Amino acid sequence: MEQVECGIFPVKDALEMVLMFDRTGRIVYANDAAQKKLEYKDDICGRKISDVFPNDFEAFKEGGEVDCPSGHELKNLVAYRENRTCFPVEVRIINGSGQPEMYICMANDTLEKEHLSREIAQVQQEAQQALKVKSEFVANVTHELRTPVNGVLGNVRELLGEETDTQKEKSLRMIERCCVDMNKIIDNILDFSKLEAGKFTLEPRRFHFRDMLDHVKSNHINKITEKGLEFFMTVSPEVPEYVVGDELRIKQILNNLLSNALKFTAVGKVTVEVIKTAQVNDRVELFFIVVDSGIGIKQEDKDKLFQSFSQVDASISRKYGGTGLGLNICKQLVELMGGRIGVESEKGKGSSFSFSIWVDSGEEKEEEQKAQTDTSTTPVFTIAQASLPRAEDEERPNRFGMPATQEALKKNLWKLILCVELENWEKAEMFMETIRQLAEGAPRELGRLILRMKMAVQKENYDKVIAAYEELKTLLPSEEVHV
């Protein structure tokens with residue numbers, strides 16, 4: 001170090017306080033930051049270091065030496081201003097290079113750091129609160145949107161049963177399709193909101209895996225036939241017949257990937273393949289591949305696919321539509337199930353989406369399965385077993401007067417009321433939709449009553465649901481429905 005004179009130092013404009021003092025404790029240099037922070041009216045040079053740090057340096061008489069342990073270790077001290085007010089600092093004291101009789105003290109005001117930390121903590125808390133408010137708002141708005149949309153949908157379907165004019169029926173079908181699409185968008189927004197807020201939970205249950213795939217296929221068969229595409233679905237023999245997982249969410253992932261494949265494929269084929277890739281005790285890893293021969297994706301655009309509210313480009317968004325939430329929701333659902341999702345694609349040559357999930361093997365003894373599905377078990381367990389009708393049930397004629405339909409209607413009504421009693425309104429909505437499907441073709445009075453019950457369920461109005469149920473029991477033929 002060059003020879004130092006009081007008031008001359010290379011770190012004059014440094015943000016941290018810099019003090020230089022000799023072995024007697026006399027300060028020979030203070031930079032601008034130290035002069036400002038310590039608020040000395042006159043030059044601090046010539047004063048003692050014990051004036052700044054009285055708790056750590058004793059005042060020595062002229063000629064005495066300061067016992068000053070130096071090193072690069074940070075120390076938490078208290079610095080005093082000229083008016084004897086104090087503030088905490090982080091201090092490092094080192095020997096002057098080339099001048100062993102001198103010490104250099106570098107200090108940072110930690111009061112500002114603590115204040116900044118408190119501000120950061122407050123901002124984080126406010127951000128979390130804002131996210132919570134936003135999530136609650138989105139949940140409430142989407143819930144309220146469902147009521148008018150389903151009200152329109154229910155009335156349109158009622159009119160469809162009476163309309164004979166071909167042109168009017170075509171318009172009603174268009175309204176019905178728009179309402180169904182709107183419900184899908186609402187469901188996506190609600191799911192995204194729950195996932196973003198960390199409030200989304202899976203509901204695993206035992207189900208027949210291949211029946212689930214048949215149901216997924218039936219959801220898209222009309223679109224496949226309409227576009228004249230080839231469709232292949234293969235399942236490896238190693239995949240268990242029964243698995244334990246969240247059937248509804250697995251179907252949601254597959255439906256989304258298949259919808260995208262059909263949306264972006266004009267000619268060619270779409271294939272779905274499922275294989276078992278690993279097993280650890282009762283845990284099974286299933287690997288799904290959905291391949292299409294559609295428009296494909298550029299290599300540089302792949303990262304955009306799984307981002308929320310993101311489209312590959314604006315022209316595709318305008319032509320094909322979409323909110324940009326579907327694949328992001330799929331990604332988060334797959335990760336919740338312990339897996340990963342990815343895509344391989346080339347522009348103009350189609351895409352291959354693949355994902356893996358972990359499920360439990362559902363191969364159980366018959367008596368164990370019977371015990372699990374017994375209606376005498378606790379209500380909470382019964383709700384966990386709730387599901388939509390199986391594919392084969394939907395493919396058969398669903399006329400209201402058929403004995404099997406009547407029996408299914410009564411069972412689903414019982415499950416609906418059980419959900420309402422336990423305030424599980426999300427499950428109640430699912431059963432209500434099943435009841436509406438089973439009641440297609442019913443007399444008008446009964447159909448309107450079911451529509452009123454559906455709207456009461458959406459509004460989470462317990463009294464109106466029970467009132468509608470009691471009235472419904474009097475209109476249903478044959479045996480009474482028991483709760």
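This is a short talk about two helices, the packing around one of them, and some salt bridges in a predicted model.

Okay, let's start with helix α6, which covers residues 247-263. Does its length fit what we'd expect for a helix? Put better: what span should its 17 residues have at 1.5 Å a residue? The expected figure is 24 Å, and the end C-alpha atoms are 24 Å apart, so the two agree.

Now, is α6 enclosed or open? If you count along the helix, 14 of the 17 residues are buried, so α6 is largely enclosed by the rest of the structure.

One of the things it packs against is helix α8, residues 326-336. When two helices pack, people describe them by the angle between their axes and the distance between those axes. Here the angle is about 145°, and the axes are 10 Å apart. The crossing of α6 with α8 is left-handed.

Which residues actually meet there? On the α6 side you've got Arg249, Gln252, Ile253, Asn256, Leu257 and Asn260. Across from them, in α8, are Gly326, Leu327, Ile329, Cys330, Leu333 and Val334. Sorted by class, that contact has 7 nonpolar, 4 polar and 1 charged residues.

Let me stop at Arg249, since it's in that list and sits in α6. Buried or exposed? Its relative accessible area is 8%, and with the cut-off for buried at under 20%, Arg249 is buried. Leaving out residues up to four places away in sequence, Arg249 touches Asp191, Phe200, Leu202, Leu333, Met337 and Glu426. You'll recognise Leu333 from the α8 side of the packing.

On to salt bridges. How many does the structure hold? There are 14. The general idea is that side chains of opposite charge can pair when their charged atoms come close. I'll go through a few.

Asp22 pairs with Arg26, and the closest N and O atoms are 3.6 Å apart. The partners differ in how covered they are: Asp22, at 12% relative accessibility, counts as buried, whereas Arg26, at 37%, is partly exposed.

Then there's Arg47 with Glu82, at 3.5 Å from N to O. Arg47 lies in the loop between α1 (32-38) and α2 (49-52), and Glu82 in the loop between β3 (75-80) and β4 (86-96), so this pair ties together parts that are 35 residues apart in sequence. Arg47 is partly exposed at 29%, and Glu82 is partly exposed at 26%.

Back in α8, Glu335 and Lys331 form a salt bridge too, at 2.8 Å from N to O. Why might we look at their spacing? They are 4 residues apart in the helix, so about one helical turn separates Glu335 from Lys331. In an α-helix there are 3.6 residues a turn, so residues three or four places apart point the same way. Glu335 is partly exposed at 43%, and Lys331 is partly exposed at 28%. Elsewhere, salt bridges that share partners join Arg157, Glu169, Arg173 and Glu176 into one network.

Last stop: helix α12, residues 403-421. At 1.5 Å a residue, its 19 residues should span 27 Å, and the end C-alpha atoms are 27 Å apart, so that agrees. Its buried residues include Leu409, Leu413, Trp414, Ile417 and Val420, along with Lys410. After α12 comes Glu423, which has a positive phi, near 60°.

Methods:
Residues are numbered from 1 along each chain as its sequence is written. This is a predicted model: local features need pLDDT of at least 70, side-chain atom pairs count only at pLDDT 80 or more; totals for chains, interfaces and linings use all residues. Side-chain values use heavy atoms; hydrogens and water are left out. Helices (H or I, at least four residues) and strands (E, at least two) are DSSP runs, numbered from the N terminus. The expected span of a helix is 1.5 Å times one less than its number of residues. Buried means under 20% relative accessible area, exposed over 50%, partly exposed in between (1.4 Å probe, protein chains only). Axes are lines fitted to C-alpha atoms, for helices over the stretch in contact, and angles run from 0 to 180 degrees between N-to-C directions. A crossing is left-handed if the near helix is turned anticlockwise from the far one by less than a right angle, and right-handed if clockwise. Contact means heavy atoms within 4.5 Å. Ala, Val, Leu, Ile, Met, Phe, Trp, Tyr, Cys and Pro count as nonpolar, Asp, Glu, Lys and Arg as charged, and the others, Gly among them, as polar. A salt bridge is a side-chain nitrogen of Lys or Arg within 4 Å of a carboxyl oxygen of Asp or Glu.
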